Amino acid sequence: MVESKEMLKYVPTTCPYCGVGCGLNLVVNDGKLVGVEPYKRSPINEGKLCPKGETCWEFVQSPDRLTKPLIKKDGKFVEASWEEALDLIVKKFKETSDKFGPKSLGFQSSCRTVNEDCYALQKWARCGFLTNNVDNCARICHGPSVAGLSLSFGSGAATNPFEDVLNSDLIVMWGSNAVEAHPLAGRRVMQAKKKGIKVIVVDPRLSATARIADEWIQFNPSTHIALANSMMYWIIKEGLEDKEFIEKRTKGFEDLKKTVEKYADVESIHGVPLEKVKDFARQYAKAKNAVIIYCLGITELTTGTDNVRSMGNLSMLTGNIGRPGTGVNPLRGQNNVQGACDMGAYPNVFSGYQAVALPANREKMEKLWFLKEGSLPDWYGVTLTEQINQCGDPIKAMYFMGLNPVVSYPDSNHVKRSLDKLDFCVVQDIFWNESCEYADVVLPGTCFAEKDGTFTSGERRVNRVRKAVDGPGESKYDWEIITLLAKKMGLKGFDWKSAKDVWDDMRACTPGQFGVTYEKIEKPEAIHWPCPTIEHPGTPILHKEKFSAADGLGTFFGLEYRPPAEVADKEYPYTLMTGRVIFHYHTRTQTDRCKVLHYEVPESFIQMNTKDAAELGIKNLEKIKVRSRRGETITIARVSNDVAPKVLYMPMHFAEGANNLTNTALDPLSKMPELKHCAVAVEKIAEGK
Ligand code: SF4
């Protein structure tokens, strides 16, 4: 059918999936979404989209959307009015807080909802219940980036924009499969390669990104620090360090130098031949401008924060920071990983990373939020992963906004047992998901196409999200739900009528984003924070003249290699790594409702080496059983030499998949669970498929 032109509307907005933040046009006909069109003016993706972006409109109008509030009565969910559902939530949360105190509640915000929703949730938790037990799911992807980059550089954010790789002489992709996980960032790397810029991929697996690289450095899983320390030993030994930069802009060099002396040759740990390590070190140190791009391969380990700091060490040792074409850039998996943290949905900071421990920050927020002087707590709240461990004692009630912990958190059986211990649980989402079973109230929120707001991409660019269609049934904006709850409690400062009102509330208390107005981000170039004043143009590159730390210096850390919490042994002889595929997003609640994406990868699989498969008598595409100390799963074997012998790789997206097996052991600094590394056993169960 040819649509009448008059009826078509093109709404420029931001992709709802990964943290690259591509611009696209949603096409609306007669109040319904009918497709996506390129947004060529977007400087991020220049009109190009990956398969997820191309199909991102399909899930919006799925008949499976939540449309009414649901309340569990006698073990069954029944439809309820908003009034009844919100009254029940306020009653239960207040009763719990009154009886057990502010540490008995947990609030978890999502990295896939807009900044305004994240700000609203943390403000309600802090104002309504005087608790810092508020966190977001960045904890289980880039918590170590926030912690590690803050310790090294004074700011936990990416240092340079994506397109800046075109100004590099050497691009190091370390623990990042951008071609699949962040395809339009991967496109920039391919553009750079076409320009003659060298690309080195450091990954235990021959990923899609490793395939396009000029050089692939295969190393043993989770041995980043040993490899980085060895590189730094040779850089210093051969006098290739940037002495002037170290002298003028950093501290802690002697600590680093002393530590790396033990790592001259540690091939036995990381598995990379010594000459190759030396060559890599020389290339990185000698490049005029070298950038490190990393992802979950670095962060999702019990050494995550140290791994990130190792990347910081490498960049400062060689002076590769603070200029175009240099830097240390984490690629954020969800569209608003950066923003959810920026908004203060974090247990130790208000918006803009203003520490709750500082009395001046609390006093300021108390005034702006109409709270009694001295009422806001100074204690570090409980992180997302620890909240799950504390379900039942002391945490009695939890609020999940846009999250599916049963599938996306490590050790699904542990998560289910934990949620079962809660007295009261709320899930606010757009689809029924596996975690809703454990809720007492399920609330229908709205998705990216149905609301105004902002997503902050992995390069600190605050992009506009624009409403194209109405949400289904009785669904509400997520920030609006929070406003209604806050007003029922009689709280002041929640009189928001629009997403812009929420944003302006946030700006008023967040110095680094005060200058990011909705008016300024109307244009597709948007603004990179920091942007402290209305006149300020934004800051695409950080740490140019000085680092963001109070003394302006970057800090080196002498970091020792530590093995993962669980290593392969006789009983569980394989190392399991996890990751993403290009066609799916997180727990697939959205992408599995897009026909093409579902068709491409309809079920979970595991990659295994040909030698291991031959030893176990397993054929390609045969069903196998994989067991860990925590659970088991049945999946399909994909046999190749993309992974080394005794190493397995499994996508994270499937309910009956990787997180039945993964380990809850935590990084001591960031509380990141070890999602990327655990020990498993493999069994052959059936012939053929
Ligand atoms: S690269 Fe990321 S932001 Fe861009 S279209 Fe694909 S999923 Fe969306």
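Tutor: Two residues are in contact if their C-beta atoms, placed from the backbone, lie within 7 Å. The structure above is a predicted model, in which local features need pLDDT of at least 70, side-chain atom pairs count only at pLDDT 80 or more, and totals for chains, interfaces and linings use all residues. Residues are numbered from 1 along each chain as its sequence is written.

Student: Which residues is Ile171 in contact with, leaving aside its neighbours within four places in sequence?

Tutor: Ile171 is in contact with Val165, Val189, Ala192, Ile197, Val199, Val291 and Ile293.

Student: And which residues touch the most other members of the largest nonpolar core?

Tutor: Ile171 is one of them, together with Leu121, Val172, Met231 and Tyr284. This core has 173 residues; such a core joins buried Ala, Val, Leu, Ile, Met, Phe, Trp, Tyr and Cys through C-beta atoms within 7 Å. Buried means 20 or more other C-beta atoms within 10 Å of a residue's own (exposed: 12 or fewer; partly exposed: in between).

Student: Which helix gives the most to this core?

Tutor: Helix 8, residues 224-237, does so with 9 residues. Helices (H or I, at least four residues) and strands (E, at least two) are DSSP runs, numbered from the N terminus. Another core, of 24 residues, lies apart from the largest one and includes Leu576, Met608, Ile624 and Leu661.

Student: Turning to strands, why is strand 17 largely enclosed by the rest of the structure?

Tutor: Strand 17 covers residues 424-429, and 5 of its 6 residues are buried, so the rest of the structure largely encloses it.

Student: Does strand 16 run parallel or antiparallel to strand 17?

Tutor: Strand 16 (residues 397-401) runs parallel to strand 17, and 5 bridges join the two; strands pair if DSSP finds at least two bridges between them. Met401 stands opposite Gln428 of strand 17. Strand 17 is also joined by 4 bridges to strand 18 (residues 441-444), again in parallel, with Val427 opposite Val442.

Student: In what order do the strands of the open sheet stand?

Tutor: The order is 19-20-21, with antiparallel pairing. Strand 19 (453-456) and strand 21 (527-528) are at the edges with a single partner strand each, so one side of each has no neighbour in the sheet.

Student: How many bridges join strand 19 to strand 20?

Tutor: There are 4 bridges between strand 19 and strand 20 (residues 461-465). Thr456 has Val462 in strand 20 as its bridge partner.
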